[in-house]
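Please open the model in your viewer, show the backbone together with the side chains, and keep the selection panel at hand. The stops below say what to select next and what is found there.

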Amino acid sequence: MSIEIANESGVDVDETSIVSAARYALDKMEVSPLAELSILLVTLDVMEDLHERWMDLPGPTDVMAFPMDELDSSRRPDAPDASPALLGDIVLCPAFAKDQAKTAGHALIDELHLLTVHGVLHLLGYDHAEPAEEREMFALQKRILGEYQDAVAALDKRDAQRSTDDRVLGIAGLEAPAEPPAAGETP
């Protein structure tokens, strides 16, 4: 799965983390590994222009999603003519999201993760115009985001434990064992 990110917002954010949240959401939604996604972080002025031009609504917003191709899920993944499909673009506005993060009582990156998952769901056809649609989309968004946060916390905990273990081994004059190869790698 190809995910490109460009930060033109002037706000320093962890782009790798945003890509990770998008990849996690796409994997959870079982999107084809051939899919391509673009994420663009923009300024308030650019977001305001996009919001007015495409949604006919005044002022900037936090996230917009622009779907491109529809993935053909009926085609076998090993078909000879399988080709990448451009899922679409997610546009985020960190400057707008800062106030939302403050109001919600969490960090900007957490808000950007939420908005990224929200954008992915929009690209996959989810919407929140009607109450039933909103309940479905927001419940799915909350579940995916919660699972993502749990997975990140588990990795952080594992890395902290590994660091502690390495430090203890070093104090004892022992060498830390070599990292086992990742899945799919040869030793």
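**Stop one: two loop residues**

Select Asp 56, which counts as exposed because its relative accessibility is 69%, where exposed means over 50% relative accessible area, buried under 20% and partly exposed in between, with a 1.4 Å probe and protein chains only. This is a predicted model, in which local features need pLDDT of at least 70 and side-chain atom pairs count only at pLDDT 80 or more, whereas totals for chains, interfaces and linings use all residues. Residues are numbered from 1 along each chain as its sequence is written, and side-chain values use heavy atoms, with hydrogens and water left out.

Asp 56 sits in the loop between α2 and β3, and its phi is near 60 degrees, a positive value in a residue other than glycine. Most residues other than glycine have a negative phi. Now move to Glu 30, in the loop between α1 and β2 (35-41), where phi is again positive, at about 55 degrees, although Glu 30 is not a glycine. Glu 30 counts as exposed, because its relative accessibility is 73%.

**Stop two: the whole chain**

Colour the chain by secondary structure, and 5 helices and 4 strands appear; helices (H or I, at least four residues) and strands (E, at least two) are DSSP runs, numbered from the N terminus. Followed from the N terminus, the elements run β-α-β-α-β-β-α-α-α. Of the 187 residues in the chain, 29% are buried. Among contacts (heavy atoms within 4.5 Å) between residues at least 6 apart in sequence, 62% join residues at least 24 apart.

Next, colour by pLDDT, the predictor's confidence in each residue, from 0 to 100. The chain has a mean pLDDT of 87, with 84% of its residues at 70 or more. Among the elements, α4 has the highest mean, 97, and α5 the lowest, 88. Select residues 73-79 with caution, since pLDDT stays under 50 there and the model has 4 contacts for this stretch beyond four places in sequence.

**Stop three: Ser 17**

Is Ser 17 buried or exposed? Ser 17 lies in helix α1 (residues 15-28), and it counts as buried because its relative accessibility is 12%. Leaving aside residues up to four places away in sequence, Ser 17 touches Ile 109, His 113 and Tyr 148. With His 113, a polar contact of 2.5 Å joins the two side chains; such a contact is a pair of N or O atoms within 3.5 Å, and within protein one must be able to donate a hydrogen and the other to accept it, while residues adjacent in sequence count only if both atoms are side-chain atoms.

**Stop four: the second largest pocket**

Select Met 55, Val 63, Met 64, His 122 and His 128, which are the closest to the centre of the second largest pocket among the 18 residues that line it. A pocket is an open set of points on a 1 Å grid over the protein atoms alone, where a 1.4 Å probe fits, with protein on both sides within 12 Å along at least five of seven lines, and lining residues have an atom within 4 Å of a point. The volume of the second largest pocket is about 370 Å³, a volume being the space filled by probe spheres set on the points, which are joined across faces, edges and corners. At least two lining residues come from each of α2 (44-55), β3 (63-67), α4 (108-123) and α5 (131-171).
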